[in-house]
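Please find below a colleague's note on this entry, set out as numbered points for reading alongside the coordinates.

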Amino acid sequence: MYKVLIAEDEILVRLGLANSIPWEQLGMVLTAQASNGMQAYELFLSEHPDVIITDIRMPLMDGMELIRKIRETDASCKIIIITCVEEFEYARQAISY
């Protein structure tokens, strides 16, 4: 089973993702949820998820900084970015990570 962490500051989006995806049918288990980037990074260090679903704009540490910090130690963790930000530069930067 792949371990998944969701990092999203909007509670309804976070709960929607957590409850609408059939994790077990996909061979996954939702191991952690974070409401900000700092909490997500701490959970990443303790839970060692295989997949992270993250927003770009979050309090304390944004998603881009979270991705950068994760990539410093783990190149194999899969990262899915969700956002409503319309600035293409964020996407370009995310791809580089």
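The points below concern a predicted model and take up its aromatic pair, its salt bridges and a surface patch in turn.

1. The structure holds one aromatic pair. The ring centres of tyrosine 41 and phenylalanine 44 lie 6.1 Å apart with their planes at 25 degrees, so the pair is classed as stacked. Both tyrosine 41 and phenylalanine 44 are buried, and, being three residues apart in helix H2 (residues 37-47), they are separated by about one helical turn.

2. Tyrosine 41 has a further neighbour to consider, since lysine 69 lies over the face of its ring, at 4.8 Å from the ring centre.

3. Two salt bridges are found in a search of the whole structure, and they link Glu65, Arg68 and Glu72 in a network. In the bridge between glutamate 65 and arginine 68 the closest N and O atoms are 2.5 Å apart, while for glutamate 72 and arginine 68 the corresponding separation is 2.4 Å.

4. As to the setting of this network, glutamate 65 and arginine 68 both lie in helix H3 (residues 63-73), three residues apart, whereas glutamate 72 and arginine 68 are four residues apart in helix H3, a separation of about one helical turn. Glutamate 65 is partly exposed at 29% relative accessible area, arginine 68 is partly exposed at 29%, and glutamate 72, at 55%, is exposed.

5. On the surface, Ile11, Leu12 and Leu15 form a nonpolar patch with about 310 Å² of accessible area together. Isoleucine 11 is placed in helix H1 (residues 11-20) and, with a relative accessibility of 49%, counts as partly exposed.

Note on methods:
Residues numbered from 1 in each chain as written. Predicted model: local features only at pLDDT ≥ 70, side-chain atom pairs only at ≥ 80, totals over all residues. Heavy atoms only, no water. Patch = residues over 30% accessible without salt bridge, like charges linked within 9 Å, V, L, I, M, F, W, Y side chains within 5 Å. Areas by Shrake-Rupley, 256 points an atom, 1.4 Å probe, with all protein chains shown as cover. Salt bridge = Lys/Arg side-chain N within 4 Å of Asp/Glu carboxyl O. Helix = DSSP H or I, 4+ residues; strand = E, 2+ residues; numbered from the N terminus. Buried < 20%, exposed > 50% of the residue type's maximum accessible area, 1.4 Å probe, protein only. Phe/Tyr/Trp six-rings, centres within 6.5 Å; stacked < 30°, edge-to-face > 60°. Lys NZ or Arg CZ within 6 Å of the ring centre and 35° of its normal.
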